[in-house]
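Visitor: I would like a close look at a single part of this model, taken slowly and with its surroundings. Please begin from the empty space inside the protein and work outwards from there.

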Amino acid sequence: MLARRQFLISTLAAAATPQLAVGLERLGRAETYVIAEMCGAGRHFAECANGKTKPALADPNALLFDLEDQVSRGAVDRIIGLSRPSTKFLIEQVAAAHGFTTHYHGSHRLEASALRHEFFAPPELLTSLNTISASPTWAGDVARLLQHYEPSSGTSTMSVRRSLANDVSQELRHLSSFLLVRK
Amino acid sequence: MSSAILPEGISPEAFAAACDEFRAIVGEQWLIRDNTAHLNSYRDSYSPSDIDATAPSAAIAPQNVEEIQKILAVARKYKIPLWTVSTGRNYGYGGAAPRQAGCVVLDLKRMNRIIEVNDKHAYAVVEPGVSYHELYQYLQRKNIKLWPDPAAPAWGGVVGNTADRGVGYTPYGEHFTVQCGMQVVLADGTVVETGMGANASTRNLYKYGHGAWVDGIFTQSNFGIITQMGVWLMPEPPGYRPYMITFPREDDIHQITELLRPLKINMLIPNAATTVGLIWEAAVKVSKADYYTGKGVMPESARKKMATDLDIGNWNFYGALYGPPPIMDNNWKIIQETFAEVPGAKFFFAEDRKGDAAFDYRAKLMQGIPSMTEFGLLNWLGEGSHIDFSPISPVTGDGALQQFNFMRDKCHEFGFDYMGEFLVGWRDMHHVLMLVFERNDERSKQAVKALFEVLVEEASAKGYGEYRTHLEYMDAIAETYNWNDRALYKVCEALKDALDPQGILAPGKSGIWPGRSRKT
């Protein structure tokens with residue numbers, strides 16, 4: 001049974017952040033920071049991670065400084081997200097300086113009108129990802145999975161699984177999903 | 001688990017002892033050695049090469065000058081090389097990674113005080129850990145009507161960017177020109193105040209003081225650690241109007257530049273304006289695959305469609321008007337009449353480009369508002385990284401066109417799109433070529449390395465000098481500045497030997513090596 005979730009919007013980020021939804025959610029022991037691009041898939045991701053969204057421009061400035069503040073204060077132990085690849089990279093740089101590692105990442109790319117997923121994860125997470133349906137709800141499915149996944153202790157080897165979904169559209173050609181955990 | 005990387009020539013036992021002494025200075029939390037994830041944040045995340053080649057052995061983050069002096073004493077004792085960074089996030093040139101594997105990164109992020117903002121004389125004095133974002137937020141909070149001049153990424157360090165002679169986009173865009181006074185800690189721990197000196201009321205008003213002016217030797221070098229810097233700030237003008245002019249043909253760069261030169265020299269265009277190439281302009285908003293999913297260079301047909309859809313040109317000039325409306329109106333009349341000589345030129349103001357992310361971020365930068373939008377360019381290829389090749393170009397049509405043709409052709413030869421812009425200064429242009437490659441694709445990484453090496457060699461043969469470069473190419477670029485049997489670098493080496501005889505500060509920075517590591 002999950003503890004009651006408290007979802008907070010970082011007002012600074014929400015007021016000024018470009019196409020990104022930011023949420024701070026308490027889940028049991030962990031504080032989870034939720035990031036989602038402002039597109040259809042991102043909104044669905046945020047909804048299923050209990051996120052609230054606000055559309056804006058493609059400038060992650062306010063988000064990154066807010067994230068840095070949260071991780072440096074120890075308020076956040078995990079970060080999940082669905083964003084453009086450049087934003088994921090920046091988030092990883094901010095988080096790495098505070099001891100976070102990328103425990104999972106996924107690539108969701110439109111190729112010749114088919115959506116290709118590549119999941120890079122430890123085997124136990126890949127098994128669950130295998131059940132992700134190749135449908136418009138994939139983003140929400142990933143969000144729910146990452147929300148509840150508890151990484152095992154120690155270093156896990158990343159494996160990769162690919163799947164292809166036809167007839168699934170996506171506003172942004174390439175999105176990246178990710179889970180960062182503080183060791 | 002500790003990193004296995006050690007400074008060159010240092011035994012594990014000696015390094016462990018040094019780390020113990022470092023730890024005693026800054027505390028357990030601020031010596032990063034055992035936390036692999038944290039230490040990895042000091043690697044070159046964008047590198048197309050072996051990431052271990054520039055990996056640090058540890059990082060240490062002092063909070064003041066006294067701690068730096070103690071760290072230097074330990075470094076001298078054990079001969080540990082230190083690599084200084086302010087915010088260390090210019091990934092296109094190597095980020096926080098050292099030039100030489102095994103260095104201890106001296107991370108000055110904790111020294112993040114804004115020491116003074118003087119609104120009467122329009123300057124700020126900051127420590128190295130202050131980012132453009134933080135300075136901007138400070139000015140906003142205090143309602144101080146002064147503008148910073150940010151580099152494109154907001155998290156860049158004011159001191160670090162200026163010390164690397166980086167540039168911005170407002171009339172204060174030549175960052176080192178608007179620097180005034182600095183505090184430097186030398187390798188022997190001596191604290192030096194340059195210019196008018198620490199106690200002078202004119203410390204940050206007059207750059208040169210008396211006698212030899214030494215500030216320049218601490219830029220793009222390894223002669224000292226800058227711990228404070230004065231920077232002039234632009235007073236908020238009574239009016240601000242950004243504009244964009246698009247030009248349809250690649251060859252237009254010739255006429256654009258010839259028309260631009262007198263406007264810049266006479267300061268009718270006072271800011272560091274930019275002439276942005278098609279791909280760079282488009283990549284803020286779209287990815288390559290939106291228009292072309294084949295291999296190699298985007299064909300002209302696809303580029304034309306992209307330009308039409310986005311209503312942009314092969315060149316897109318961004319400038320801004322500053323001042324009271326009558327002055328802005330008068331200057332605009334001259335600027336518009338001048339550039340209207342280029343057939344097909346189109347003129348836009350902000351109201352004409354609503355919702356245009358590219359226009360918005362340029363308008364912000366020219367107004368001193370930091371942003372992180374420019375990182376979005378890397379989505380051009382999906383999981384993109386970049387290294388930059390940045391020669392200086394004269395402000396002549398022939399010079400600009402020749403340099404553009406050369407760099408475009410070389411990019412195409414190696415399968416890369418030309419993604420470049422000319423940043424226009426008072427007497428020069430910084431021609432920044434952003435080489436975007438696929439971070440996780442070995443072929444792409446090898447190709448960009450091969451291209452970069454060819455660019456270095458052939459640009460040098462043509463007499464083009466780079467203004468700044470990535471860690472991996474610092475030696476190669478240094479070798480191109482070899483007039484009169486490397487006279488310039490012999491001066492640098494003499495300074496290095498005098499100021500840092502043990503070679504503990506940033507060995508290899510800009511191709512300046514301490515004596516014991518010198519290859520020539």
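Which residues line the largest cavity?

Guide: The model is a predicted one, and everything that follows is computed from it. The lining of the largest cavity is made up of E250(B), G277(B), L278(B), I279(B), R303(B), N314(B), W315(B), F404(B), R408(B), H412(B), D417(B) and Y418(B). The space enclosed there comes to about 120 Å³, and the cavity belongs to a set of 8 cavities of 30 Å³ or more. Two elements of chain B, α7 (278-283) and α11 (397-413), each give two or more residues to this lining, and α11(B) supplies the largest share, with 3 residues.

Helix α11 of chain B can be followed further through K410(B), which has its place in that helix. K410(B) counts as buried because its relative accessibility is 13%, under the 20% cut-off. Once residues up to four places away in sequence are set aside, K410(B) touches L451(B), V454(B), L455(B) and E458(B). One of these partners, L451(B), is 41 residues from K410(B) in sequence, while the C-alpha atoms of the two are 7.2 Å apart in space.

From the other element, α7(B), the path leads to the nonpolar packing. L278(B) and I279(B), both in the cavity lining, are also among the contacts of M306(B), which, leaving aside neighbours within four places in sequence, further include A282(B), V286(B), Y291(B), M298(B) and W380(B). M306(B) and W380(B) are in turn two of the residues with the most contacts inside the largest nonpolar core, a set of 65 residues in which I79(A), I91(A), W155(B) and M419(B) have that standing as well. Helix α10 (residues 357-365) of chain B gives the most to this core, with 6 residues. Apart from it lies another core, of 46 residues, which includes I253(B), W332(B), A345(B) and F437(B). As general background, nonpolar side chains in soluble globular proteins tend to be buried together.

I253(B), named in that other core, is also one of the buried residues of helix α6(B), where D252(B), I256(B), T257(B), L259(B), L260(B), L263(B) and K264(B) are buried too. The length of this helix, residues 252-265 of chain B, can be checked: at 1.5 Å a residue its 14 residues should span 20 Å, and because the end C-alpha atoms are 20 Å apart, the expected and modelled values agree. Two of its buried residues, L259(B) and L263(B), are the contacts of T338(B) when neighbours within four places in sequence are left aside. T338(B) itself is found in helix α9 (residues 325-339) of chain B, and it counts as buried because its relative accessibility is 14%.

Just after α6(B), M267(B) takes a positive phi of about 65°. Most residues other than glycine have a negative phi, and two further residues of chain B deserve a look on that account. R486(B), although not a glycine, has a positive phi of about 65°; R486(B) is found in helix α14 (residues 483-499) of chain B and is partly exposed, with a relative accessible area of 21%. N143(B) has a positive phi near 55°, but its place is in the loop between α4 (132-141) and β7 (146-147) of chain B, and at 55% relative accessibility N143(B) counts as exposed.

The cysteines complete the picture around these parts. Over all chains the count comes to 0 disulfides. C39(A) is in no disulfide, the nearest cysteine sulfur being that of C48(A), 13 Å away, and at 1% relative accessibility C39(A) counts as buried. C19(B) is likewise in no disulfide, with the nearest cysteine sulfur, that of C103(B), 13 Å away, and C19(B) counts as buried at 3% relative accessibility.

Finally, chain A, which brings I79(A) and I91(A) to the largest nonpolar core, has a secondary structure of 6 helices and 8 strands. Of its 183 residues, 57% count as buried, and among the contacts in chain A with a separation of 6 or more, 74% join residues 24 or more positions apart.

Conventions. Residues are numbered from 1 along each chain as its sequence is written. Chains are lettered from A and ligands numbered from 1 in the order in which they are written. This is a predicted model: local features need pLDDT of at least 70, side-chain atom pairs count only at pLDDT 80 or more; totals for chains, interfaces and linings use all residues. Side-chain values use heavy atoms; hydrogens and water are left out. A disulfide is a pair of cysteine sulfur atoms within 2.5 Å. Buried means under 20% relative accessible area, exposed over 50%, partly exposed in between (1.4 Å probe, protein chains only). Helices (H or I, at least four residues) and strands (E, at least two) are DSSP runs, numbered from the N terminus. A nonpolar core is a set of buried Ala, Val, Leu, Ile, Met, Phe, Trp, Tyr and Cys residues joined through side-chain atoms within 4.5 Å. Contact means heavy atoms within 4.5 Å. The expected span of a helix is 1.5 Å times one less than its number of residues. On a 1 Å grid over the protein atoms alone, a cavity is a set of points where a 1.4 Å probe fits but cannot get out, and a pocket is an open set with protein on both sides within 12 Å along at least five of seven lines; lining residues have an atom within 4 Å of a point. Grid points are joined across faces, edges and corners, and a volume is the space filled by probe spheres set on the points.
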